[in-house]
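Visitor: I would like to learn how to read a few features of a model. Could you walk me through them?

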Amino acid sequence: MRKPVILITGAGGEIGHGLVTRLAASGASIITLDVAPLDASLAPLVAREFTGSITDQSLLERILAEFEVDRIFHLAALLSTRSEFTPVTAHHVNVEGTLNLLEFAQKQGESHGRSVVFIYPSSIAAYGMPDLKTKARAGRVREDDYAHPTTMYGCNKLYCELLGGYYARHYKQLSADAATRRVDFRCVRFPGLISALTLPSGGTSDYAPEMIHAAAKGEPYACFVRPDTTIPFMAMPDGVDALLALASAPRERLTRTAYNLGAFNPSAAEIRDMVLKAFPGATITYSVDEKRQSIVDSWPADVDDSAARADWGFKPAYDLSRAFETYLMPGIRQRYLSN
Ligand code: AKB
């Protein structure tokens, strides 16, 4: 007898930390797949941990044979900065890995006869604003506008959104068994996420969390974007809540495949001001990396998330000051005090 479980790929990453903890607290049975072993705080929360790659077909076959997966949170990915250094590897992991997981979901659904809910975090990197003037004029960008990414990661994310829609609606549309589509694909476009518990690596929105964590550790930080740089950000608990809310939304309420999510849109200078207020002795300077700057400049300053609010009740709990005062500062202080 196979056991019904939730599969989380990339579970040891930033989102995975919050998600595993929340799902475990709700009593869910979780299996994970990550290239690195889970850290000691997460490992006891999961029913089985697989250490390996989403590109390893035989490992996926083994998981398929042993478990009955009815929900997948596919978090594993190489982020935007890292992907620019290794674009072919990024494509391999971000696109071919996602294709493997979509096939895995379809086969799972075929074997147990139900749809598999497939939750996919896409990103504001799926956008490509042509220039700063347009970015300033565009305001709250809608999902279908400016979808011309300039990074490998953004291209990967946008394509995988489409691929998920294909599996959900058109998979094998010319074959006789077209009626057995089993992937219930649902996707959010995340802003930059900021966690009190973990630090990101390999992203381009990393300047915000890096600035905050460096100040908490008493280390100087040189911000790699200009003070006026503005993109959307979100506190990690709202990101995790959004994934869980989308996963349990009634299918018939969903009018889109990919949903924007917004929370707050501070400039780098505003984040610096908040950090200096919390850590008055912090040293935060600017040392602009023009190449990474141009990536952040290609992402919108704000997004229109009205579809997510209307369809499945998305409502972030944290604006910028609430995120700082009630989530980031207490969590970060606690983290570095106890280290
Ligand atoms: C990155 O910077 O690559 C990510 C993202 C915005 O998706 N944080």
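Visitor: Let me start with a helix: what covers the buried residues of H9?

Guide: Happy to help, and keep in mind that this is a predicted model. The cover includes H7, strand E9 (221–223), strand E10 (233–235), strand E12 (284–286) and H12.

Visitor: Which residues of H9 are buried?

Guide: In helix H9 (residues 268–278), they are Ala268, Ile271, Met274, Val275 and Ala278. Looking down the axis of H9, you find these buried residues within an arc of 125°, so they line one face of the helix.

Visitor: H7 and H12 both belong to that cover. How do I read the packing of two helices?

Guide: The general idea is to give the angle between the two axes and the distance between them. Here H7 (residues 207–217) and H12 (residues 320–337) pack at about 50°, their axes 9 Å apart. The two helices are therefore oblique to each other, and H7 passes H12 in a right-handed crossing.

Visitor: Which residues meet there?

Guide: From H7 come Ile212, His213, Ala216 and Lys217; from H12, Phe324, Leu328, Met329, Ile332, Arg335 and Tyr336. This contact has 7 nonpolar, 1 polar and 2 charged residues.

Visitor: And what should I look for in backbone angles?

Guide: Most residues other than glycine have a negative phi. Tyr146, not a glycine, has a positive phi of about 55°. Tyr146 sits in the loop between strand E6 (140–141) and helix H6 (152–169), and is partly exposed at 29% relative accessibility. Lys172 also has a positive phi, near 50°. Its place is in the loop between H6 and strand E7 (183–190), and Lys172 is partly exposed, with a relative accessible area of 39%.

Note on methods. Residues are numbered from 1 along each chain as its sequence is written. This is a predicted model: local features need pLDDT of at least 70, side-chain atom pairs count only at pLDDT 80 or more; totals for chains, interfaces and linings use all residues. Side-chain values use heavy atoms; hydrogens and water are left out. Axes are lines fitted to C-alpha atoms, for helices over the stretch in contact, and angles run from 0 to 180 degrees between N-to-C directions. Helices (H or I, at least four residues) and strands (E, at least two) are DSSP runs, numbered from the N terminus. Angles under 35 degrees count as roughly parallel, over 145 as roughly antiparallel, 65 to 115 as roughly perpendicular and the rest as oblique. A crossing is left-handed if the near helix is turned anticlockwise from the far one by less than a right angle, and right-handed if clockwise. Contact means heavy atoms within 4.5 Å. Ala, Val, Leu, Ile, Met, Phe, Trp, Tyr, Cys and Pro count as nonpolar, Asp, Glu, Lys and Arg as charged, and the others, Gly among them, as polar. Buried means under 20% relative accessible area, exposed over 50%, partly exposed in between (1.4 Å probe, protein chains only). The arc is that of the directions from the helix axis to the C-beta atoms.
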